[in-house]
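Let's take a friendly walk through a protein model together. Keep the sequence and the 3D view open as you read.

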Amino acid sequence: MRVASVLGAAATLLSGASAQSVLGFNCGATSDTGAAKTQADFEKEFKTAQNLDGAPADFNTIRLYSNIQAGTTDSPIEAFPAAIATGTKLFLGIWASGTDNIDNELKALSAAVSAHGTKLTDLIVALSVGSEDMYRVSDAGIRAKAGVGNGAETIVGFIRDARSKLKGTPLANVPITHVDTWTAWVNTTNKAVIDEIDFLSVNAFPFYESENDNRVSNAGSLLDVAISSTEGVAGGKDVWVTETGWAYTGPSFGAGVATVDNAETYWQTVGCPLFTERNTFWYTLRDANPANQVKFAITDNLSTTPRFNISCPTNKSSHKNSTSGSSTSSGSTHTASGSSSNTASGYSAHSTGSANGIYGSNSTGSANGTWGSNSTSTGQGYNSTSGASQSTGAGSLISVSTVNSMAMVMSVVFALGAWAL
């Protein structure tokens with residue numbers, strides 16, 4: 001991609017409502033059996049996303065969580081050639097938790113750019129350096145044993161490393177962000193990250209806000225608080241919603257009940273207006289580990305026929321005015337995921353590493369990792385184990401209204417056992 005075209009794309013993406021929204025799905029690096037996805041696997045997933053029956057718009061962008069192929073140290077993820085083959089746009093991710101460098105991530109990305117050139121770079125809409133790292137090192141994250149994260153100073157360093165590495169390449173001007181919870185964004189100690197990025201990305205799940213009246217009819221109000229709180233500290237920068245959705249099956253969280261009807265209601269009353277207002281990545285197109293109880297996927301087995309009606313009403317009034325009730329807080333979502341070599345992540349969704357770890361899913365490599373057990377080598381994720389595996393992806397695990405309420409929510413989670421996607 002020529003610098004001029006990159007700058008044009010960046011201006012379009014960051015211009016807010018004046019441009020067509022970027023819409024897509026989150027995509028982990030492993031299948032629902034825990035195997036590393038191949039190029040063919042990615043292609044099937046990307047084609048399904050583009051051809052969903054009744055889709056109200058083009059969901060033609062995929063958010064990744066790592067540049068590294070699952071099960072390798074620094075090989076480029078096979079989603080890259082799959083995106084080229086299917087014409088799928090990519091929102092790239094660099095895993096930044098539990099590590100002191102992002103060298104392998106940048107090595108994999110550089111190798112992919114060298115191999116594919118503008119066929120790849122023309123598809124890249126943005127790059128996230130990290131995902132919920134600052135939440136994990138917050139007081140709430142520590143109390144919740146959310147896993148190894150990184151603070152604002154380290155994330156700023158990683159963002160600068162990425163810009164330096166990409167300087168002089170076709171990705172020199174790709175918009176760079178960081179993904180985190182709204183409670184992390186409003187924490188003033190993290191302002192340096194806001195100053196360093198081009199736009200903010202927030203994950204929010206009203207379904208998990210059991211401390212609020214989180215029935216689906218109130219979901220729009222709860223999501224609004226997460227977004228408006230993030231916008232309040234964004235300094236005029238754009239805010240993207242990088243994960244949201246409603247479970248169709250699994251245990252309830254407060255008044256949040258997982259049913260197909262509620263998942264459809266959330267899509268219709270919250271998602272539909274959101275799609276016209278903001279760049280959004282839905283969670284999720286396909287389910288992950290079948291051992292987990294909570295499921296979010298809008299399709300079974302990557303069928304192009306969704307499990308519920310995903311068309312949108314012609315009259316798309318904003319969800320800000322379409323829900324009852326009010327809320328003084330929003331769901332800061334904790335996404336436990338990782339991207340590291342030699343990692344067995346016991347508290348990770350869509351990750352490679354621990355297949356049967358607590359809250360682990362979509363993983364390959366070592367099994368039975370539980371928050372630091374079976375650790376034989378140092379990895380960038382929460383658990384380490386022998387062998388080379390790559391922890392990627394993200395499943396939003398816990399929503400809380402405030403930082404201080406996380407302990408209460410976690411007690412519910414522990415009682416329920418493994419449920420994350």
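Helices (H or I, at least four residues) and strands (E, at least two) are DSSP runs, numbered from the N terminus. Tyr266, which will serve as our landmark, is found in helix α12.

Please keep in mind that this is a predicted model: local features need pLDDT of at least 70, side-chain atom pairs count only at pLDDT 80 or more, and totals for chains, interfaces and linings use all residues. Residues are numbered from 1 along each chain as its sequence is written, and side-chain values use heavy atoms, with hydrogens and water left out.

## The whole chain

The protein chain has 13 helices and 10 strands. Of its 421 residues, 60% are buried. Here buried means under 20% relative accessible area, exposed means over 50%, and partly exposed lies in between (1.4 Å probe, protein chains only). Contact means heavy atoms within 4.5 Å. Among contacts between residues at least 6 apart in sequence, 74% join residues at least 24 apart.

## Helix α12 and Tyr266

Is Tyr266 buried or exposed? Its relative accessible area is 0%, so Tyr266 counts as buried. Leaving aside neighbours within four places in sequence, Tyr266 is in contact with ten residues' worth of listed partners, including Ala204, Pro206, Thr244, Trp246 and Trp282. Val216 is also one of these partners, and although Tyr266 and Val216 are 50 residues apart along the chain, their C-alpha atoms are separated by 6.5 Å.

Asn218 gives another example of residues brought together from separate parts of the chain. Asn218 sits in the loop between β6 (199–203) and α11, and it is buried because its relative accessible area is 6%. The C-alpha atoms of Asn218 and Tyr266 are separated by 9.7 Å, with their positions 48 residues apart along the chain.

Now look at α12 as a whole. Which residues of α12 are buried? Among them are Asn262, Ala263, Trp267, Val270, Leu274 and Phe275. The buried residues of α12 pack against β1 (23–26), α11 (219–233), β7 (239–244) and β8 (280–282).

Where does α12 bend? The bend is about 40° and is found at Gly271, with a proline, Pro273, following within four residues. The bend at a residue is the angle between axes fitted to the seven residues ending there and the seven starting there.

## Checking helix lengths

The expected span of a helix is 1.5 Å times one less than its number of residues. The table puts that expectation beside the distance between the end C-alpha atoms for two helices.

| Helix | Residues | Expected span | End C-alpha distance |
|---|---|---|---|
| α12 | 260–277 (18 residues) | 26 Å | 25 Å |
| α2 | 39–50 (12 residues) | 16 Å | 17 Å |

For α12 the two values agree, and for α2 they agree as well. In α2, the buried residues are Phe42, Glu43, Glu45, Phe46, Thr48 and Ala49. What covers them includes β1, β2 (61–63) and α3 (79–86).

## Two helix pairs

Axes are lines fitted to C-alpha atoms, for helices over the stretch in contact, and angles run from 0 to 180 degrees between N-to-C directions. A crossing is left-handed if the near helix is turned anticlockwise from the far one by less than a right angle, and right-handed if clockwise.

Begin with α11 and α12, whose axes are 10 Å apart and pack at an angle of about 35°. Their crossing is right-handed. On the α11 side, Ala219, Gly220, Leu223 and Ile227 meet Tyr266, Val270 and Leu274 of α12, so our landmark appears here again.

How do α4 and α8 compare in direction? Helix α4 (residues 103–116) and helix α8 (residues 152–166) have axes that come within 11 Å and cross at roughly 25°. That makes α4 roughly parallel to α8. Angles under 35 degrees count as roughly parallel, over 145 as roughly antiparallel, 65 to 115 as roughly perpendicular and the rest as oblique. The crossing of α4 and α8 is right-handed, and Leu106, Leu109 and Ser110 in α4 meet Asp161, Ala162, Lys165 and Leu166 in α8.

## The loop between β8 and β9

Last, visit the loop between β8 and β9 (332–335), where Thr284 is found. The peptide bond from Tyr283 to Thr284 is cis, with omega near 10°.

Asn301 lies in this loop too, and it has a positive phi of about 55° although it is not a glycine. Leu302, in the loop between β8 and β9, also has a positive phi, near 60°, in a residue other than glycine. Are these residues buried or exposed? Asn301 counts as exposed because its relative accessibility is 70%, whereas Leu302 counts as buried at 8%.
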